[in-house]
Amino acid sequence: LAMSPAALLRALPLAALLLLSPARAARQARRPNVVLILTDDQDVCLGGMTPLKKTNALIAQMGITFVNAYVPSALCCPSRASILTGKYPHNHHVVNNTLEGNCSSKLWQKIQEPYTFPALLKAMCGYQTFFAGKYLNEYGAEDAGGVGHVPPGWSFWYALEKNSKYYNYTLSVNGKARRHGENYSVDYLTDVLANMSLDFLEYKSNFEPFFMMIATPAPHSPWTPAPQYTKSFQNVSAPRNSNFNIHGKNKHWLIRQAKTPMTNSSIQFLDDAYRKRWQTLLSVDDLIEKLVKKLEVNGELDNTYIFYTSDNGFHTGQFSLPIDKRQLYEFDIKVPLLVRGPGIKPNQTNKMLVANIDLGPTILDIAGYDLNKTQMDGMSLLPLLRGEKNVTWRSDFLVEYQGEGYNGSDPTCPGLGPGVTHCFPDCVCEDSYNNTYACVRTLSAAWDLQYCEFDDREVFVEVYNLTADPHQINNIAKTIDQEILEKMNYRLMMLQSCSGATCRTPGVFDPGYRFDPRLMFSNHGLRARRFSAQFL
């Protein structure tokens, strides 16, 4: 029989007392604790943080908000793999949400999991580690060890089998399956995660620093709110901003195929989804409040860093795409990132360009681990959190995605033929095999630019000047200066083949940037297509 979280955790202090010398215990106790809250599909561009009043008061107002925080791939599994490894997708090789795309596959377990930042925290830094919630979309698959597989690096493991649900799910409780039903008081997943987290804080060892990762289902579909919140936000609808329900002219064919204007039924569907997403987030807000209060009661709040972020953004009607993520635009790749903790001044806003590949290096840096011993692509945010002056920082980063599609026709839209997927509602497809792209997202003193190339027959290019066009309506690929295009193409090739420190070299508009046009025409041609070979 699986022990309860409380029973498992009560056993820890005695073991810790036996294993830790008083000197080591005192040394360990001084090191900061870290909590990472990861939501699922929460946007920041379309008001995704609005419902979270308590979170804003308890984390943002007590710390720092990064207003330019991004993910290198706008999809759950590749993005979560980037958080865990500190690497771009071309280096961790998780390209989509399938086992075939390396999502929680045997290969991932063998090559990447032993070197995730939680594994290093536990093995090398002496942290007790706690995970609760959604891990990777294919976690628990029978072909990859089932729920009996507990990744290295976790002292306490309460992981959801497969993808986000709110009821009727299975958890791996330290490798043992525990089935949950549909009774709100004992089964609603966001609340279950909150209770497990409070149990951990109640019964954990007081002789080791701790790391907690709490990964909520909200606001991912099926958007099931807690019963007390089903009437909330009745008058809320999706934002009607300037790229809502318009034709995505001069964009990749997948955007151009969307039906414009959207049908009334599609608009009603996305408005309902938007409202329910907000409703599910109210339970996350409650979780944050309970967690912070417990840390305060324990006397541990002042020595604990709390990070709040999402695995990707989301869209609801932008360019007439009803609902999903996976696209290269700001609404899908930009995410919330709030941090409070020791040495962080309250009510700060930071405009530096940061990415979720920075979370692992940051947390290891907080723990005192030598980042030169890792192969991570990201940078530690600790100098920014501490408010250090004259910090040398990146001006660009890489976005990359490998599209998915059915080998046959999408069963919901057989007339569309093979190669597409997620064609709902109204047979508007959100993904396809050739929705495969890579981008350089640049944010410097002079430029706010996005340059993207598609791996398709059109060799399609999209370029946006976000200073003049923040909603990315006008693709300027055919009108921007040719020299900038060439430099961005070269920079993209460099980033697509980067690893570790080479991912942090100066960007196109940095003083230290060096550009040799002769390299453009070496073995690759003007636009090197290297997606397939590099991803897997």
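Axes here are lines fitted to C-alpha atoms, for helices over the stretch in contact, and angles run from 0 to 180 degrees between N-to-C directions. With that in hand, the structure, which is a predicted model, can be walked through piece by piece.

Start with the overall layout. The protein splits into two parts, domain 1 spanning 33-389 and domain 2 spanning 401-517. Their C-alpha centres sit 24 Å apart. As for how the two meet, 49 residues of domain 1 touch 42 residues of domain 2.

Next come the sheets. Strands of a sheet pair through backbone hydrogen bonds, either parallel or antiparallel. One open sheet is built from 10 strands, running β7-β6-β5-β4-β8-β1-β9-β12-β2-β13, and its pairing is mixed. The edges are taken by β7 (176-179) and β13 (348-350); each has a single partner strand, so one side of each is left without a neighbour in the sheet. From one strand to the next, the twist averages 15°. Inside this sheet, β4 (residues 128-134) runs parallel to β8 (residues 210-215), and six bridges hold the pairing. Ala132 is a handy reference point here, with Ile214 of β8 as its bridge partner.

Another open sheet has four strands, ordered β15-β18-β19-β20, and its pairing is antiparallel. Here the edge strands are β15 (396-401) and β20 (461-465), each pairing on one side only. Neighbouring strands in this four-stranded sheet are turned by 15° against each other on average, direction ignored. Between β18 (residues 437-443) and β19 (residues 448-454), seven bridges make up an antiparallel pairing. Val440 finds its bridge partner in β19, namely Tyr451.

On to the helices. Two packed helices are described by the angle between their axes and the distance between the axes. Helix α8 (residues 117-125) packs against helix α14 (residues 359-366) at an angle of about 15°, and the two axes are 9 Å apart. That angle makes α8 roughly parallel to α14, because angles under 35 degrees count as roughly parallel. The crossing of this pair is right-handed. On the α8 side the contact involves Phe117, Leu120 and Leu121, while α14 brings in Gly360, Ile363 and Leu364. Sorted by class, the α8 and α14 contact comes to five nonpolar residues, one polar residue and no charged ones.

Helix α12 (residues 264-297) turns up in two packings. In one of them, helix α10 (residues 189-203) lies at an angle of about 10° to α12, with 9 Å between the axes. That makes α10 roughly parallel to α12. From α10, the residues involved are Thr190, Asp191, Leu193, Ala194, Ser197, Leu198, Leu201 and Glu202, and they meet Ser283, Val284, Leu287, Lys290, Leu291, Lys294 and Leu295 of α12. The class tally for α10 with α12 reads eight nonpolar, three polar and four charged residues.

In the other packing, helix α4 (residues 53-60) meets α12 at an angle of about 35°, the axes being 8 Å apart. The crossing of α4 past α12 is left-handed. Lys53, Lys54, Thr55, Leu58 and Ile59 of α4 make the contact with Asp285, Asp286, Ile288, Glu289 and Val292 of α12. By class, that gives four nonpolar, one polar and five charged residues for α4 with α12. Helix α4 also has ties to the 10-stranded sheet: α4 lies across β2 (64-66), β9 (304-310) and β12 (337-340), and runs at about 50° to β12.

Finally, some backbone oddities. Most residues other than glycine have a negative phi, and most peptide bonds are trans. Against that background, Ala218 and Pro219 are joined by a cis peptide bond, with omega at about -5°. Pro219 sits in the loop between β8 and α11 (253-256). That loop between β8 and α11 also holds Trp223, a residue other than glycine with a positive phi near 55°. Thr260 and Pro261 are likewise linked by a cis peptide bond, again with omega of about -5°. The location of Pro261 is the loop between α11 and α12.

Note on methods
Residues are numbered from 1 along each chain as its sequence is written. This is a predicted model: local features need pLDDT of at least 70, side-chain atom pairs count only at pLDDT 80 or more; totals for chains, interfaces and linings use all residues. Side-chain values use heavy atoms; hydrogens and water are left out. Two strands pair if DSSP finds at least two bridges between them. Angles under 35 degrees count as roughly parallel, over 145 as roughly antiparallel, 65 to 115 as roughly perpendicular and the rest as oblique. A crossing is left-handed if the near helix is turned anticlockwise from the far one by less than a right angle, and right-handed if clockwise. Contact means heavy atoms within 4.5 Å. Ala, Val, Leu, Ile, Met, Phe, Trp, Tyr, Cys and Pro count as nonpolar, Asp, Glu, Lys and Arg as charged, and the others, Gly among them, as polar. Domain bounds come from an automatic or database domain assignment.
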